[in-house]
Structures are given as structure tokens and as C-alpha cells.
Amino acid sequence: MTVKVLIIEDNPVARSFLCRVVRESFSDAMELTEVGDLENARRQVAKFSGNPQDNGFKLILVDLELPDGSGMEFLTELTGSAAIKIVTTLYSDDDHLFPALQCGADGYLLKEDRFEVLVEELQRIVRGQPPLSPAIARRLLSHFRPASSDSGTMPLNSGFGSLSSSNAPFSNSRNVALDPPPEWERLTPRESEVLTYLSKGFTIKEIANLMGIKWFTVNDHIKSIYKKLNVSSRAEAAVLASKQGLV
């Protein structure tokens with residue numbers, strides 16, 4: 001199945017550059033859609049609105065400064081979308097970074113980074129990690145470290161599935177519940193299989209190969225598992241699954 005990607009960037013040179021980055025990052029068959037403003041972005045997303053087969057965009061790259069509005073506005077409109085939403089921008093300051101994450105961005109990349117760096121960061125999706133430019137990762141570390149000085153740990157969550165628009169991004173990890181939440185029985189056979197592989201330490205790409213499905217589909221299963229088990233990382237999911245005999 002072809003993976004649909006939407007790239008929203010008003011600069012033609014930067015747009016072409018990002019297309020190259022995406023194609024280099026993944027081995028999946030890609031169908032790239034390029035737009036230069038919010039109006040056309042909304043039009044493209046609307047084509048798949050209400051489609052029960054959910055065959056819309058799986059990955060969306062969005063610039064923050066567009067001719068007809070802000071990319072943050074578009075991120076907010078995408079709340080609840082299954083797409084992985086990555087900001088691609090030149091801005092690395094807190095005034096852009098944190099509002100973008102609060103609006104539902106699943107990652108934050110700087111277009112000024114080298115080609116190979118962007119490819120490496122985008123590939124983190126397949127490993128179940130949020131794609132963050134090195135400068136952005138350092139800024140997040142700097143921002144959160146003082147708040148975590150008592151415990152010596154940094155409240156960043158490395159599980160990509162935990163970065164959803166419905167949760168505050170990069171929040172402190174919750175303790176694993178000792179009693180199983182009532183939703184756990186609703187895991188589908190596919191979700192149970194994914195959870196088993198997660199518990200054994202397989203990456204998203206490895207799970208996709210083992211199950212014969214796309215890594216985007218695996219990521220969707222992981223998001224559903226996190227929601228049903230009321231956890232926010234693969235470590236929490238693995239511990240809870242082991243304690244409750246789910247795997």
C-alpha cells in the first residue's frame with residue numbers, strides 16, 4: 001500500500017528539499033502531495049474526511065509561517081487525526097517550539113539542518129521515537145532539566161506513540177498502574193501481537209516486517225494500545241503487559 005505524505009511549504013526550494021528528505025528516509029512506496037499554503041492543505045486533507053477506510057495522509061510536514069496563516073492553526077485543526085504531524089521550520093525559539101508541541105506536533109525539525117541529519121531524525125519515527133532536530137532536543141533538555149533536579153531524571157517521553165495531540169507533549173511519565181484498566185480486554189488480536197513484540201524490544205520497523213504490514217500501521221496500533229492501557233511509553237506498556245499476563 002502506498003503511504004500518502006503531505007508537505008506544506010511555501011518556498012519551492014525548501015519544498016523540493018523536504019521531498020528529497022522524505023524519499024530518502026523511508027523505503028515505503030510514497031505518494032507525496034506538495035502545497036504552498038493552508039488553503040490547499042485543507043483542501044487536500046478534506047478529500048479524505050470521513051473516509052471509513054482511513055487511507056488519508058499518514059505523515060504531514062508543516063511549516064509554521066505560511067502566506068495565508070500559521071502552521072500552528074493547521075496543527076490544531078488536525079487534532080484527532082491519525083497522521084504523524086512534523087513541524088519543519090527555521091524557528092528554534094521557545095515562542096515557536098512549545099506552542100507547536102501544544103498544538104499537537106509529533107516532532108520538530110529545523111530546515112537549516114544538513115540533509116543527512118534531517119533524514120536520520122525523520123527515521124526516528126520508525127524506531128518509535130519523536131523526530132527532533134539536535135538543537136531542539138538540547139532546548140527541551142535545558143527547559144525541563146531544572147524541573148527534574150530532585151529525581152535526576154528528565155521528563156521527556158521517548159515513545160513516539162505517546163506524542164499525540166490529545167496529550168500535553170513531553171509530560172512526566174505516569175507510574176504504571178498495578179490494576180489493569182478496564183479497557184485492556186478490548187485489545188484486538190493485532191494489537192495483542194504488536195504488544196507482544198513491543199515487550200520483546202522489537203522496533204516499529206522490525207514489527208512491521210514480522211507482521212507483514214506497514215510501519216505506519218504498526219504506529220497506529222501502538223497509539224491504540226497506549227490509549228487502551230492508559231500508558232504513555234513502550235516501557236510502561238511492556239511492564240503492565242507482563243504484570244497482567246497480557247503477553
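**Entry 1: Asp63**

I began with Asp63, which the unreviewed UniProt entry annotates as "modified residue: 4-aspartylphosphate". The model I am reading is predicted, and the annotation comes from the record. I located Asp63 in the loop between β3 (59-62) and β4 (65-66).

Is Asp63 buried or exposed? Its relative accessible area is 5%, so I entered Asp63 as buried, the limit for that class being under 20%.

I then listed the contacts of Asp63, leaving out residues up to four places away in sequence. Asp63 touches Ile8, Glu9 and Asp10, and also Gly71, Thr88, Thr89 and Lys111.

**Entry 2: Asp10**

Asp10 appeared among the contacts of Asp63, and I looked it up next. Asp10 sits in the loop that runs between β1 (3-8) and α1 (12-25). With a relative accessible area of 34%, Asp10 is partly exposed, whereas Asp63 is buried.

Which residues does Asp10 contact, once neighbours within four places in sequence are set aside? I found Arg15, Gly36, Asp63, Glu65, Leu66 and Pro67. For Gly36 I also noted a distance: its C-alpha atom is separated from that of Asp10 by 3.9 Å, although the two residues are 26 apart along the chain.

**Entry 3: strands β6 and β7**

Thr88 and Thr89, both touched by Asp63, led me to strand β6 (residues 84-89). β6 pairs with β7 in the parallel sense, over four bridges. Thr89 stands opposite Leu110 of β7.

I recorded the side-chain directions in β7 (residues 107-110). Gly107 and Leu109 point one way, while Tyr108 and Leu110 point the other way. All of these residues are buried. In a regular strand the side chains alternate between the two faces of the sheet.

**Entry 4: the nonpolar cores**

Which residues of the largest nonpolar core touch the most other members? They are Leu59, Leu122 and Trp215, in a core of 39 residues. Helix α9 (residues 215-229) gives the most to this core, with seven residues. In soluble globular proteins, nonpolar side chains tend to be buried together.

I followed Trp215 further, again without residues up to four places away in sequence. Its contacts are Phe26, Asp28, Ile84, Ile125, Val126, Ile204 and Ala208.

Apart from the largest core lies another, of 27 residues. Its members include Val62, Leu75, Tyr108 and Leu140; Tyr108 is already in my notes on β7.

**Entry 5: helices α7 and α8**

Ile204 and Ala208, both contacts of Trp215, are buried residues of helix α8 (residues 204-211), together with Ile207 and Met211. Seen down the axis of α8, these buried residues fall within an arc of 100°, so they line one face of the helix. Gly212 follows α8 and has a positive phi, near 70°.

I made the same kind of entry for helix α7 (residues 189-199), where Glu191, Val194, Leu195, Tyr197 and Leu198 are buried. How do they lie around the axis of α7? They fall within an arc of 160°, so they too line one face of their helix. α7 is followed by Gly201, whose phi is positive, near 90°.

From α7 I singled out Leu195, which is buried, with a relative accessible area of 1%. The C-alpha atoms of Leu195 and Ile222 are separated by 7.6 Å, and the two residues are 27 apart along the chain.

**Entry 6: aromatic pairs**

I counted four aromatic pairs and wrote out two of them. Phe17 and Phe115 lie 6.0 Å centre to centre with 65° between the planes, an edge-to-face pair. This pair links distant parts of the chain, for Phe17 is in helix α1 and Phe115, 98 residues apart from it, is in helix α5 (residues 115-122). Phe115 has 22% relative accessibility and counts as partly exposed.

Why is the pair of Phe48 and Phe57 edge-to-face? The planes of the rings stand at 85° and their centres are 5.3 Å apart; the class requires planes over 60 degrees apart. Phe48 is partly exposed at 21% relative accessibility, whereas Phe57, with a relative accessible area of 10%, is buried.

**Entry 7: the whole chain**

Lastly I noted the totals. The protein has ten helices and seven strands. Of its 247 residues, 47% are buried. Among contacts between residues at least 6 apart in sequence, 66% join residues at least 24 apart.

Technical notes
Residues are numbered from 1 along each chain as its sequence is written. This is a predicted model: local features need pLDDT of at least 70, side-chain atom pairs count only at pLDDT 80 or more; totals for chains, interfaces and linings use all residues. Side-chain values use heavy atoms; hydrogens and water are left out. A nonpolar core is a set of buried Ala, Val, Leu, Ile, Met, Phe, Trp, Tyr and Cys residues joined through side-chain atoms within 4.5 Å. Buried means under 20% relative accessible area, exposed over 50%, partly exposed in between (1.4 Å probe, protein chains only). Helices (H or I, at least four residues) and strands (E, at least two) are DSSP runs, numbered from the N terminus. Contact means heavy atoms within 4.5 Å. UniProt positions are given in the numbering used here, feature names are shortened, and annotations may be inferred rather than shown by experiment. The arc is that of the directions from the helix axis to the C-beta atoms. Rings of Phe, Tyr and Trp (its six-membered ring) pair if their centres lie within 6.5 Å; planes under 30 degrees apart count as stacked, over 60 as edge-to-face and the rest as tilted. Two strands pair if DSSP finds at least two bridges between them.
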